[in-house]
Amino acid sequence: MGNTAQGASPDALGAKSSGLGGLSDAQQQLRRDGSRSEEKGVDAWADYDAPDNGFELDSAEGKKALCELRQEVPPEVEAANPRLADFICEAILRFRRGDMESSKVRLKNYISWRKKYLGGWEEQAIESDAQMSRVLQSGLIRLVRNVDSQGRTAIILKLKRNNPAETSALEVLRTWHYMIMRALQKPQVQSNGIIFIGDVGGATFANLDIRIPKAIFGAISKNVPLRVYKICMIRPFMLMRILLPIVKAFMSEKVRKRLVVMPDPGDKKDGLAKYFDLSKLPKDVEGTNEDYDFEEMLKQWSEEEKEKTKQSETKDGIVDNKSNDSGSDPAPKKAGSSSD
């Protein structure tokens with residue numbers, strides 16, 4: 001498959017880091033990684049964007065395309081997680097605007113990438129992944145839904161909450177993937193994309209791990225079916241002038257144009273209000289949503305995942321024992337469990 005799972009190996013990402021401590025060492029590492037990325041970065045993003053052609057998955061054409069793409073799912077993925085097979089095919093088709101050739105390539109790449117970095121195709125779950133749970137609890141990566149008129153989701157990355165000495169780049173990448181899968185549960189996000197908010201306020205070089213943006217943008221460029229609508233870097237610290245050119249090196253020219261640096265995210269003209277409904281964003285990123293409760297959201301997700309597991313086990317039990325005729329339906333999803 002070549003270099004579809006772009007970036008370092010899982011073993012390399014799994015090692016802990018001391019961060020980018022000294023300025024001189026940091027500059028050398030950033031420049032080295034950035035120059036390497038520039039050599040292959042353009043090719044990696046060559047077919048990322050697909051023109052908006054009015055494709056609708058619910059149309060006759062869309063349903064036919066879904067059936068065709070569904071046939072491309074390997075039997076081992078189907079057996080391990082049929083729910084994933086349905087979901088990822090729908091997300092890919094909306095992302096690729098129904099283009100079958102590039103959809104098949106993206107599906108193949110995603111399956112390979114997921115096997116390489118997540119170890120398999122089973123559902124990620126907070127309860128069963130202590131490392132991911134710890135990263136989520138740290139607030140390093142958060143999710144906010146319906147942040148603009150097109151129903152997009154925002155993913156907030158708060159750099160000062162990253163501790164490379166305790167959290168590996170691989171743990172962050174897996175947690176990021178979990179959040180992306182949560183965001184893509186909404187069809188409008190599959191079609192219209194995600195806005196990233198990178199909050200670097202209060203961060204130092206000790207919080208930086210250059211492997212993280214390299215791995216994330218490698219995943220986006222060729223593997224994960226994710227449309228990047230905008231990237232907002234807010235509250236850049238004084239050394240951002242060194243970091244920013246290197247981060248840009250992992251992007252195509254077109255994606256770089258979607259990157260906006262906001263020294264003052266609260267500015268009414270050139271701040272986050274230009275792209276967001278501030279009533280949706282939490283107060284720590286200049287929003288006005290006083291009810292945003294990420295810890296409660298995680299609890300809700302965890303309960304939802306437990307309920308899905310319980311329903312799956314019950315279903316398997318009925319299949320294995322046909323004499324079980326209790327007549328009871330699986331427990332319904334809690335009201336509001338899919339909204340944040």
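**A walk through a predicted chain, starting at helix α5**

Okay, let's start with helix α5, whose buried residues pack against α3 (60-70), α4 (75-80), α6 (100-118), α8 (169-183) and α9 (187-192). Before going on: this is a predicted model, where local features need pLDDT of at least 70, side-chain atom pairs count only at pLDDT 80 or more, and totals for chains, interfaces and linings use all residues. Residues are numbered from 1 along each chain as its sequence is written, and side-chain values use heavy atoms, with hydrogens and water left out.

A few words on vocabulary. When I say helix or strand, I mean a DSSP run, H or I with at least four residues for a helix, E with at least two for a strand, numbered from the N terminus. Buried is under 20% relative accessible area, exposed is over 50%, and partly exposed is in between, using a 1.4 Å probe and protein chains only. And touching, or contact, is heavy atoms within 4.5 Å.

Back to α5, which covers residues 82-95. How many of its 14 residues are buried? It's 10 of them, so the helix is largely enclosed by the rest of the structure. Among the buried ones are Leu84, Phe87, Ile88, Cys89 and Phe95. The helix length checks out too: at 1.5 Å a residue it should span 20 Å, and its end C-alpha atoms are 20 Å apart, which agrees. That expected span is 1.5 Å times one less than the number of residues. After α5 comes Arg97, with a positive phi near 55°.

Now zoom out for a second. The chain has 13 helices and five strands. Of its 340 residues, 50% count as buried. Looking at contacts between residues at least 6 apart in sequence, 78% join residues at least 24 apart. The accessible surface is about 16500 Å², with 48% of that belonging to carbon and sulfur atoms; those areas come from the Shrake-Rupley method with a 1.4 Å probe, and for residues only the protein chains shown count as cover.

On to the strands. Two strands pair if DSSP finds at least two bridges between them. Strand β1 (residues 141-144) and β2 run antiparallel, joined by four bridges, and there Ile141 sits opposite Leu157. On to β3 (residues 194-199): six bridges tie it to β2, and this time the two run parallel. Lys158 has Asp199 of β3 as its bridge partner. Then β3 pairs with β4, again in the parallel sense, over six bridges, and Gly198 is matched with Met233 in β4.

Why call β2 largely enclosed? Because five of the six residues in that strand, 153-158, are buried. Strand β4 (residues 228-234) has a similar story: six of its seven residues are buried, so β4 is largely enclosed by the rest of the structure. As background, side chains in a regular strand alternate between the two faces of the sheet.

Strand β5 (residues 259-262) holds Val261. Buried or partly exposed? Val261 counts as partly exposed, at 34% relative accessibility. Leaving out residues up to four places away in sequence, Val261 touches Met233, Pro236 and Leu244. Val261 is also 8.1 Å from Arg235, C-alpha to C-alpha, though they're 26 residues apart in sequence.

Next, the core. A nonpolar core here is a set of buried Ala, Val, Leu, Ile, Met, Phe, Trp, Tyr and Cys residues joined through side-chain atoms within 4.5 Å. The largest has 93 residues, and the ones touching the most other members are Trp176, Ile180, Phe196 and Phe276. Which helix gives the most to this core? That's α8, with 10 residues. Trp176's own contacts, beyond four places in sequence, include Ile141, Phe196 and Leu226.

Two charged-looking names to finish, both buried. Arg106 lies in helix α6 and is buried at a relative accessible area of 4%. Its side chain reaches the backbone oxygen of Ser221 at 3.0 Å. Among the residues Arg106 touches, beyond four places in sequence, are Ile92 and Phe95, which brings us back to α5.

Glu305 is in helix α13 (residues 294-320), and it's buried as well, at 11% relative accessibility. The Glu305 side chain makes a polar contact with the side chain of Tyr178, at 2.4 Å. A polar contact means N or O atoms within 3.5 Å; within protein, one must be able to donate a hydrogen and the other to accept it, and residues adjacent in sequence count only if both atoms are side-chain atoms. Beyond four places in sequence, Glu305 touches residues including Gln124, Glu127 and Arg182.
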